[in-house]
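This report walks through selected backbone, packing and contact features of one model. Keep the sequence and the coordinates open while reading.

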Amino acid sequence: MLCKKLHHAAYRCRDARETTTFYTEVLGLKFSHAMGEDHVPSTGKYSPHVHIFFEMEDGSNIAFFECPRDPGNVKDMESPDWIQHFAFEVEDMDALLKAKADMEARGMKVVGPTNHDDFISSIYFFDPSGHRLELTTRTCRDEARLQSFVDEAPAVLALWEKTHDWSQRHTLFGSSTGYERQPG
């Protein structure tokens with residue numbers, strides 16, 4: 001079977017801090033990752049956002065986007081079409097690339113693979129009803145690096161909360177683009 005388990009389901013949230021507090025303190029999930037961009041990695045559209053992940057015991061996640069400059073509300077259809085999606089985890093990069101080739105052979109438009117912070121790599125496509133779907137594989141399997149993502153998530157959220165854009169990302173990552181961590 002291609003889809004091994006659900007990696008994450010992603011939805012829009014009003015406030016990343018409020019959401020983090022609820023999912024960690026009320027539901028006891030692990031705040032496992034936070035990342036953000038000024039442009040959507042899979043579409044290139046300008047949309048400053050923060051993307052936060054909460055891990056469950058089995059390793060699956062729920063995730064949320066706070067994107068205050070985009071139209072719409074949390075529960076309406078005006079939100080950008082890239083936000084709400086189901087992301088299914090596949091075994092490895094070979095399976096991801098094979099799935100992409102198989103879908104393209106069927107005439108489907110597939111975006112990716114897209115590297116997300118060396119955390120996961122994903123492809124994107126739509127189902128017949130227009131729902132966005134993602135196949136993803138974990139690209140980081142190093143426990144120390146995974147722990148560094150957990151450790152830096154609060155700082156990523158704090159920067160987002162302070163600026164609501166990524167003009168100061170170099171204070172966290174040492175560079176003005178991407179997620180490459182500079183020694184320091």
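## Strand 6 and the loop after it

Pro113 sits in strand 6. The peptide bond that leads into Pro113 from Gly112 is cis, with omega near 15°. Strands here are DSSP runs of E with at least two residues, helices are runs of H or I with at least four, and both are numbered from the N terminus.

The model is predicted: local features need pLDDT of at least 70, side-chain atom pairs count only at pLDDT 80 or more, and totals for chains, interfaces and linings use all residues. Residues are numbered from 1 along each chain as its sequence is written, and side-chain values use heavy atoms, with hydrogens and water left out.

Asp117 belongs to the loop between strand 6 and strand 7. Its phi is near 60°, a positive value in a residue other than glycine. Asp117 is buried, at a relative accessible area of 6%. Buried means under 20% relative accessible area, exposed means over 50%, and partly exposed lies in between (1.4 Å probe, protein chains only).

## Aromatic pairs

How many aromatic pairs does a search of the whole structure find? There are 10. Rings of Phe, Tyr and Trp (its six-membered ring) pair if their centres lie within 6.5 Å; planes under 30 degrees apart count as stacked, over 60 as edge-to-face and the rest as tilted. Phe31 and Phe54 are stacked, because their ring centres are 5.5 Å apart and their planes meet at 20°. This pair links distant parts of the chain: Phe31 is in strand 2 (residues 30-39) and Phe54 in strand 3 (residues 46-55), 23 residues apart. Both Phe31 and Phe54 are buried.

Phe53 and Phe119 form an edge-to-face pair, 5.6 Å centre to centre with 70° between the planes. Phe53 lies in strand 3 and Phe119 in the loop between strand 6 (111-116) and strand 7 (120-126), so the pair ties together parts 66 residues apart in sequence. Phe53 and Phe119 are also buried. Ring pairs join Phe22, Tyr23, Phe31, Phe54 and Phe64 into a cluster.

## Helix 3

Helix 3 has 21 residues. From its first C-alpha to its last it reaches 30 Å, close to the 30 Å expected at 1.5 Å a residue. The expected span is 1.5 Å times one less than the number of residues. Where does helix 3 kink? The kink, about 40°, lies at Glu152, shortly before the proline Pro154. The bend at a residue is the angle between axes fitted to the seven residues ending there and the seven starting there.

The buried residues of helix 3 are Phe149, Val150, Glu152, Ala153, Val156, Leu157, Leu159 and Trp160. Their cover includes helix 1, strand 2, strand 3, strand 4 (61-66) and helix 4. Ala144, also in helix 3, counts as exposed at 55% relative accessibility. The C-alpha atoms of Ala144 and Arg12 are separated by 29 Å, with their positions 132 residues apart along the chain.

His164 comes just after helix 3 and takes a positive phi of about 55°. His164 is in the loop between helix 3 (143-163) and helix 4 (170-173). His164 counts as partly exposed at 26% relative accessibility.

## Helix 1 against helix 3

The axes of helix 1 (residues 16-26) and helix 3 come within 10 Å and cross at roughly 145°. Axes are lines fitted to C-alpha atoms, for helices over the stretch in contact, and angles run from 0 to 180 degrees between N-to-C directions. Ala16, Arg17 and Thr20 of helix 1 meet Leu157, Ala158, Trp160 and Glu161 of helix 3. Contact means heavy atoms within 4.5 Å.

The residues of this contact divide into 4 nonpolar, 1 polar and 2 charged. Ala, Val, Leu, Ile, Met, Phe, Trp, Tyr, Cys and Pro count as nonpolar, Asp, Glu, Lys and Arg as charged, and the others, Gly among them, as polar. Glu18 is also placed in helix 1. At 42% relative accessibility, Glu18 is partly exposed.

## The loop after strand 4

Asp81 lies in the loop between strand 4 and strand 5 (85-89). Asp81 is partly exposed, at 45% relative accessible area. Leaving aside neighbours within four places in sequence, Asp81 is in contact with Phe126 and Arg132.
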